[in-house]
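Subject: Structure handover

Hi,

Here is the structure I promised to pass on to you. Please have a look at it first, and then read on for what I found in it.

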Amino acid sequence: MTWTDSWKRFAIHLFVGGFAAWLIFKHPLLGVTFWVSFLFYEVVQDWRKKDSGYKDIIGALVLFGIVAGVLAL
């Protein structure tokens, strides 16, 4: 995987994290379900494909933390 592919992958997962944080504030049960499902999917993908799924989770956590922090204020 090239450097630009890694950044594209990171950027795509930023939006997943931001959406999850917003969803948790709007509809907590649905948001938590979405977030847990995403984490489960990434763990299974990494387990089966060994595609460094932790990078996807880190990407999602970055914007999740930012959006959750802004919404909490």
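A residue counts as buried under 20% relative accessible area and as exposed over 50%, with partly exposed in between. Val-44 has a relative accessibility of 25%, so it counts as partly exposed. Please keep in mind throughout that this is a predicted model.

Val-44 sits in helix 2. Its C-alpha is 23 Å from that of Ile-24, a residue 20 positions away in the sequence.

Now for the overall picture. The chain has three helices and zero strands, so to speak of its order from the N terminus is simply to write α-α-α. The C-alpha trace spans about 40 × 25 × 10 Å along its principal axes. Of the 73 residues in the chain, 29% are buried. About 5,200 Å² of the chain is exposed, and carbon and sulfur atoms supply 75% of that area. Among contacts with a separation of 6 or more, 63% are between residues 24 or more positions apart.

What holds the largest nonpolar core? It is a set of nine residues: Val-16, Ala-20, Ala-21, Trp-35, Phe-38, Ile-57, Ala-60, Phe-64 and Ala-68. Helix 1 (3-26), helix 2 (28-49) and helix 3 (53-72) each give two or more residues to this core. Helix 3 provides the largest share, with four residues. As general background, nonpolar side chains in soluble globular proteins tend to be buried together. One member of the core, Ile-57, is in contact with Phe-38, Leu-39 and Glu-42, once neighbours within four places in sequence are left aside.

The charges are worth a look too. There are 7 positive and 5 negative side chains in the chain, and the centres of the two sets lie 2 Å apart. How many salt bridges does the chain have? The count comes to one. Asp-56 and Arg-9 form it, and their closest N and O atoms are 2.5 Å apart. Because Asp-56 lies in helix 3 and Arg-9 in helix 1, the pair ties together parts that are 47 residues apart in sequence. Both Asp-56 and Arg-9 are buried.

Glu-42, in helix 2, makes a nice companion to that pair. Is Glu-42 buried or exposed, and which side chain of opposite charge is nearest to it? Glu-42 is buried yet has no salt bridge, and the nearest side chain of opposite charge is Arg-9, 5.3 Å away. The cut-off for a salt bridge is a nitrogen-to-oxygen distance within 4 Å. Not counting residues up to four places away in sequence, Glu-42 touches His-13, Gly-53, Asp-56 and Ile-57. Asp-56 is thus a contact of Glu-42 as well as the salt-bridge partner of Arg-9.

Last comes Asp-46, which also lies in helix 2. With a relative accessibility of 26%, Asp-46 counts as partly exposed, because that value falls in between the limits of 20% and 50%. Beyond its neighbours within four places in sequence, Asp-46 is in contact with Asp-51, Ser-52 and Gly-53. Between the C-alpha atoms of Asp-46 and His-13, which are 33 residues apart along the chain, the separation is 15 Å.

Happy browsing, and all the best!

Note on methods: Residues are numbered from 1 along each chain as its sequence is written. This is a predicted model: local features need pLDDT of at least 70, side-chain atom pairs count only at pLDDT 80 or more; totals for chains, interfaces and linings use all residues. Side-chain values use heavy atoms; hydrogens and water are left out. Buried means under 20% relative accessible area, exposed over 50%, partly exposed in between (1.4 Å probe, protein chains only). Contact means heavy atoms within 4.5 Å. Accessible areas come from the Shrake-Rupley method with a 1.4 Å probe; for residues, only the protein chains shown count as cover. Lys and Arg count as positive and Asp and Glu as negative; His and the chain ends are not counted. The place of a charge is taken as NZ of Lys, CZ of Arg, CG of Asp or CD of Glu. A nonpolar core is a set of buried Ala, Val, Leu, Ile, Met, Phe, Trp, Tyr and Cys residues joined through side-chain atoms within 4.5 Å.
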